[in-house]
Amino acid sequence: MISQGQTDTTKTSAFVVYPAFGYQPETKAQLGAIAIWVFTKNADQGTGFSRPTSISPFFLYTLKGQIITALDTDIYFKNGMNLTAIARYFNFPDNYYGIGNDNDADNIEKYTNNFTQFQGQLFKPLDSKVFVGATFDLQSNWLRDLDTEGRLLNQNISGIDGGFLLGIGPSFKYDSRDNTIYPTSGVLASAEILVTHLGNYQYTNYNLEFRKFFTIKSSKNIIGFHLSSRMTSGDNVPFYKLPQLGGDERLRGIENASLYRDKQAVFFQTEYRRDLFWRFGMVAFVGIGDVALRVRDLNISEFKYVAGFGGRFAAVKGEKLNIRVDIGFAKGGQTGLYIGLREVF
């Protein structure tokens, strides 16, 4: 678990530091530290919506020898501008299973991916709910420890040489959620086109997201729905940038976040969230989705499905910025355990 460290709280901000223990199937145990800084002053900007600024740097070292360093930010400026961004550095021994939706979890090819990334969105408000802006993705990769007899080299998979890429494009979101950290009502709908044509790769992403939240009887019982579509065009997409299923945000329970990847991906998940006592809560979730080379190849009879449950602990007093522990179960007897920060959606 994650135990509380030092706390410094005022009426308008809260700062906590936690020693961190995490877990995901692709990393195994993670050890490190995380800091959380939340600013609530003028968070509603006079709109009636709670949109606090949050900044979360963290460092993790995994028992598989991976180094994960990131700075996660969701900043609302006084003029209503919103910057959501994450800066990452990973030194990441990883697994390659192939490309497609029927890969064998036992057919593992190991390699190491060193990469730095800065990605996010910058939005300007048109009114209290509608935002327009730009999305960006800057990334540099260096792959090493490739298997000389493996598929990556012998099939000359795009991305094996690593390299630099820069994508930018328009972005739109409609946000009527009552709270951006822990919504109990409202909708978040977003669309973006990310054109990556600078650097070593040329391709375009088309991403659509829809999230809906509502309560049952009281704010202690929340239902959330999340529908995501991630489509890609272009013939020069590095394999590590292909849409994926799995991990702690996309269909928890799939054995490894790298198991299913291809140019098109769609998934749907729903979650029941329940307050228990003090700063503790619980969730139950189900999800379904798949990947394919082309949109017309998506076949609901082949979709992967997951189900699971988890616990929650509010890391910051007065704000439900939760530490989460989830266990998911997927088609074919796959299981995943996840420990992380913030709600999945």
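## Close-up views of aromatic rings in a predicted model

Of the 345 residues of the chain, 53% count as buried. The model shown in these views is predicted, and the mean pLDDT of the chain is 91, with 95% of its residues reaching 70 or more. Over residues 1-10, however, the pLDDT is below 50, although this stretch has 25 contacts in the model beyond near neighbours in sequence.

**View 1. The whole chain, with its one helix and 19 strands.** Along its principal axes the C-alpha trace spans about 60 × 40 × 40 Å. The radius of gyration is 20 Å, which agrees with the value near 20 Å for a compact globule with 345 residues. Among contacts between residues at least 6 apart in sequence, 55% join residues at least 24 apart. The chain exposes about 15600 Å², of which carbon and sulfur atoms supply 59%.

**View 2. Phe 15 and Trp 37, one of the 16 aromatic pairs that the structure holds.** The two rings are arranged edge-to-face, with 5.8 Å from centre to centre and 75° between the planes. Phe 15 belongs to strand E2 (residues 13-24) and Trp 37 to strand E3 (residues 28-39), so that the pair links distant parts of the chain, 22 residues apart. Phe 15 is partly exposed, with a relative accessible area of 32%, and Trp 37 is also partly exposed, with a relative accessible area of 39%.

**View 3. Trp 278 and Phe 313, an aromatic pair that is tilted.** The ring centres are 5.8 Å apart, and the angle between the planes is 50°. Because Trp 278 lies in the loop between strand E15 (264-277) and strand E16 (280-292), while Phe 313 lies in strand E17 (residues 304-316), the pair ties together parts that are 35 residues apart in sequence. Trp 278 counts as exposed, at 67% relative accessibility, whereas Phe 313, at 14% relative accessibility, counts as buried. The ring of Trp 278 has a further partner, for the charged end of Arg 279 sits over this ring, 5.3 Å from its centre.

**View 4. The charged end of Lys 304 over the ring of Tyr 260.** In this view the charged end of Lys 304 lies 4.7 Å from the centre of the ring over which it sits.

**View 5. A cluster of aromatic rings.** Tyr 96, Tyr 111, Phe 239 and Tyr 240 are the members of this cluster, and they are linked to one another through ring pairs.

Notes
Residues are numbered from 1 along each chain as its sequence is written. This is a predicted model: local features need pLDDT of at least 70, side-chain atom pairs count only at pLDDT 80 or more; totals for chains, interfaces and linings use all residues. Side-chain values use heavy atoms; hydrogens and water are left out. pLDDT is the predictor's confidence in each residue, from 0 to 100. Contact means heavy atoms within 4.5 Å. Rings of Phe, Tyr and Trp (its six-membered ring) pair if their centres lie within 6.5 Å; planes under 30 degrees apart count as stacked, over 60 as edge-to-face and the rest as tilted. Helices (H or I, at least four residues) and strands (E, at least two) are DSSP runs, numbered from the N terminus. Buried means under 20% relative accessible area, exposed over 50%, partly exposed in between (1.4 Å probe, protein chains only). A charge sits over a ring if NZ of Lys or CZ of Arg is within 6 Å of the ring centre and within 35 degrees of the ring normal. The radius of gyration is taken over C-alpha atoms; the globule rule is 2.2 Å times the number of residues to the power 0.38. Accessible areas come from the Shrake-Rupley method with a 1.4 Å probe; for residues, only the protein chains shown count as cover.
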